[in-house]
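Trainee: I'd like a close look at one part of this model, and then a walk outward from there. Could you take me through it slowly?

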Amino acid sequence: MFLLEHDGKSLLARCGLPVAAGVLLDTADFDPSLLPTGPWMVKAQVAAGGRGKAGLVRAADDLAAVRRCMADMLGATHRSMIVRSCRVETRVAQAHEAYLSFTLDAQAAAVRVMLAADGGVDIEAQAQVAGAVRSLVLAPEADALDAGIARLVDGLSPRLSAALGDAARRLARVFVDEDLTLLEINPLFVLVDGTWLAGDARIVTDDNASYRQAGLRALIDDRAVAYPEAWRKEHHGCDYVVVDPQGDIGLLTTGAGLSMMLIDEMRAAGLRPHNFLDVRTGGLRGDPTRLVDVLRWISEGPRVKVLLVNIFAGITDLGEFSNLLLEALSRVPQFKVPVVARLVGTRVDAARTVLAARGIALHTSLDEALAQVRVHLAEGVPA
Amino acid sequence: MIDPGVDRNTPVLVQGITGRAGRMHARRMRDYGTRIVAGVSPRAEVADVDGVPVYATCAEAVAATGATASVLLVGAAQLADAVAEAVAAGIRLVVTPTEGMPVHDALRTRRLVQAAGVTWIGASTPGMAVAGEVKLGFLPEASLLPGPLGLMSKSGTLSYESGYRLTAAGVGTSVWIGVGGDPVKGTRFAELVPFYAAHAGTEALLIVGEIGGSEEEEFAQALIEHAFAKPVFALIAGRSSPEGITMGHAGALVHGRHGSYAAKAEALERAGVTVCGSLDEMTRAVSAWHAARA
């Protein structure tokens with residue numbers, strides 16, 4: 001998952017790496033004793049780039065200015081995400097700004113390290129200058145990373161070479177040991193005394209590695225509101241994303257690709273699906289709990305008027321699934337919308353019998369099911 | 001070269017055969033025609049599963065049966081070690097349906113199989129099949145009709161739906177390979193271009209892709225480099241997905257233009273691929289090619 005800057009910097013600090021002192025605040029009416037030493041930078045916490053250019057990273061010289069900046073930023077929308085908190089941190093003065101990033105090169109099966117002696121907000125412009133961004137793909141072992149990093153900083157000024165070499169070697173350890181898939185520090189401040197610290201942190205963690213990353217699990221639990229998708233996956237074993245809060249069609253679907261495609265096609269046809277879901281029918285194991293949770297989440301969509309169930313499963317017993325679905329529906333009585341079911345797989349006849357007992361018709365063609373969805377939507381509209 | 005070539009004579013091992021999934025899929029694969037010769041499980045008390053002999057290690061299983069391919073039905077945390085064990089035992093093709101393999105494990109495993117010259121299909125895949133003959137994994141039979149169309153896919157379910165509609169339209173598949181939905185994987189679309197170019201039973205190719213990563217773009221480049229002469233169709237999921245949020249598959253994540261639908265569709269069209277906007281459009285386009293072929 002894409003970490004908010006504050007959480008990224010907390011991760012770096014936990015690993016012993018230098019970051020500016022800072023605090024996460026969610027109201028402009030905060031206790032001033034919480035602030036680190038000023039003057040400050042006030043930085044809106046949204047998991048997207050381009051904050052500086054959008055006025056969501058601002059300098060503040062006194063307490064009143066910090067409160068003003070926060071009042072402006074909280075509740076603002078950036079790339080369709082709402083700013084719910086700000087990190088206020090000690091401003092770094094008189095520093096050189098460099099760029100350093102670690103990503104995975106899936107084709108080469110290697111770690112790609114990119115370094116620019118001159119970083120900052122205009123890194124995209126720098127990238128156009130030949131030779132300004134140095135890049136190497138390296139094997140993920142410590143020796144290979146260290147040797148490659150030595151080549152990468154070769155030829156820089158002695159101060160930059162020493163500082164960026166130290167930063168890169170230590171960040172490379174964090175990248176591998178913490179199971180990260182993106183670690184980008186821009187700007188990376190190099191101070192006049194030759195020390196460095198991370199001015200920003202763009203970090204993507206590997207949720208699949210949460211079983212061996214206690215820090216990541218703790219973060220997901222502490223900040224469920226900031227990372228709802230990761231929290232649901234960690235605790236419910238399925239992927240659920242609200243794609244349109246005003247959508248009127250709830251989706252109970254399995255399989256990432258088919259669920260995405262269904263949403264694409266519905267939108268192209270002028271329909272408004274409320275959510276993406278990969279429920280993973282193979283993981284239900286005869287227990288309706290996950291379906292109950294999912295139905296509760298969908299029922300929270302204020303405009304959802306119909307539920308479309310689309311399951312194409314090679315191995316799932318559809319008769320068993322249908323019983324679980326009816327059990328789950330009965331446990332979420334507040335969710336009173338018509339259900340359209342489209343099921344393909346083993347024991348579809350058993351499923352048809354089970355669902356018919358509750359007045360739910362089973363379709364095997366997706367187009368027919370969508371036509372039925374439209375009928376229900378039209379019924380929901382007053383004449 | 002990546003070589004996923006298998007047929008009904010290929011001797012296949014199932015690692016994790018005593019587990020719930022291993023037992024079920026070993027039986028289903030055998031019922032379909034796959035020559036399952038052995039299972040591997042550390043549970044020493046189990047001598048056989050439905051008549052398939054069970055060994056404690058891959059090395060013993062390979063020595064006793066000559067297995068050359070392995071299907072791994074083990075947990076995500078054990079997967080990297082299990083693949084390494086198969087490779088060390090001399091297995092040449094490994095298929096790993098397991099979901100949830102950590103990305104750094106996949107990176108190291110990809111390096112390992114490349115160094116050994118082993119073909120790895122997965123992770124997070126329903127597997128592969130030669131329709132009507134053999135399957136490694138659990139592609140659904142309702143979608144498997146023998147025919148001339150090569151099929152490779154990131155998504156299991158979207159490929160099931162595609163195969164199901166094509167089957168209903170009378171279009172069957174030759175070799176179907178689920179490369180899987182993880183960002184780092186054993187075999188990428190582009191790496192299978194030489195195989196499908198050389199495969200006599202394949203007359204056209206369908207790729208079922210999705211947003212995220214750069215595989216579709218690499219695949220388009222590989223088609224040009226290999227002067228791939230067979231018709232190619234593509235269906236790409238996630239056109240309307242939000243940026244910055246992982247859509248079910250760990251690999252399905254868009255950052256800006258990187259990994260976006262537009263970037264993929266453009267690259268594929270430049271390489272002469274027929275990019276289809278919906279399942280229906282894909283079914284019609286592939287059926288039209290099928291009907292018109294000599």
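How many bridges join strand β3 (residues 48-49) of chain B to β4(B), and do the two run parallel or antiparallel?

Mentor: Keep in mind as we go that this is a predicted model. Two bridges hold β3(B) and β4(B) together, and the strands run antiparallel. To find one pairing on screen, look for D48(B), which sits opposite P53(B) in β4(B). The two strands make a hairpin with two residues between them. One to click on in that turn is D50(B), whose phi is positive, at about 50°.

Now stay on β4(B) and look for its other partner. Strand β2 (residues 36-40) of chain B is joined to β4 (residues 52-55) of chain B by two bridges, and here the strands run parallel. The residue facing V54(B) of β4(B) in this pairing is G39(B). So β4(B) pairs in the antiparallel sense with β3(B), and in the parallel sense with β2(B).

Next, move along chain B to strand β5, residues 69-72. A69(B) and V71(B) point one way from this strand, while S70(B) and L72(B) point the other way. That fits a general pattern: side chains in a regular strand alternate between the two faces of the sheet. In β5(B), though, being on one face or the other doesn't bring exposure, as all four of these residues are buried.

What does β5(B) pair with? One partner is strand β1 (residues 12-15) of chain B, joined to β5(B) by four bridges and running parallel to it. Another is strand β6 (residues 93-96) of chain B, again in the parallel sense, this time over three bridges. S70(B) is a handy landmark here: it is the bridge partner of L13(B), and it also stands opposite V94(B) in β6(B). Between β5(B) and β6(B), bring helix α3 (residues 76-88) of chain B into view; the strand, helix and strand make a right-handed β-α-β unit.

Let's zoom out to the domains. Chain B is split into domain 1, residues 12-122, and domain 2, residues 140-292. Their C-alpha centres are 27 Å apart. Each of the two domains of chain B gives 10 residues to the contact between them. On the domain 1 side, α4 (103-116) and β7 (119-122) of chain B each supply at least two residues. The largest share there is from α4(B), with five residues. By type, that side of domain 1 of chain B has seven nonpolar residues, two polar and one charged.

Now take chain B as a whole. There are nine helices and 14 strands in chain B. Its radius of gyration is 19 Å, close to the 19 Å the globule rule gives for 294 residues, so chain B is as compact as a globular protein of that length. The C-alpha trace of chain B spans about 55 × 45 × 30 Å along its principal axes. Of the 294 residues in chain B, 59% are buried. If you take the contacts in chain B between residues at least 6 apart in sequence, 73% of them join residues at least 24 apart.

Chain B also has a neighbour to look at. In the model, 40 residues of chain A are in contact with 50 residues of chain B. On the chain A side, the elements giving two or more residues are β13 (239-242), α8 (256-268), β15 (275-278), β16 (306-317) and β17 (339-346) of chain A. The largest share, 11 residues, is from α8(A). That side of chain A divides into 22 nonpolar, nine polar and nine charged residues.

Last, a stop inside chain A itself. Chain A is divided into domain 1 (21-91), domain 2 (95-205) and domain 3 (237-379). The C-alpha centres of domains 2 and 3 of chain A lie 46 Å apart. For one residue to centre on, try L100(A), in strand β7 (residues 95-105) of chain A. L100(A) counts as buried because 24 other C-beta atoms lie within 10 Å, and the cut-off for buried is 20 or more. Leaving out residues up to four places away in sequence, L100(A) touches L115(A), L164(A), A167(A), A168(A), L171(A), I185(A) and L188(A). You can also check L100(A) against V133(A): they are 33 residues apart in sequence and 9.4 Å apart in space, C-alpha to C-alpha.

Conventions. Residues numbered from 1 in each chain as written. Chains lettered and ligands numbered in written order. Predicted model: local features only at pLDDT ≥ 70, side-chain atom pairs only at ≥ 80, totals over all residues. Rg over C-alpha atoms; globule rule 2.2 N^0.38 Å. Buried ≥ 20, exposed ≤ 12 C-beta atoms within 10 Å, placed from the backbone. Contact = placed C-beta atoms within 7 Å. Nonpolar A, V, L, I, M, F, W, Y, C, P; charged D, E, K, R; others polar. Domains from an automatic or database assignment. Right-handed = clockwise from strand over helix to strand, strands pointing away.
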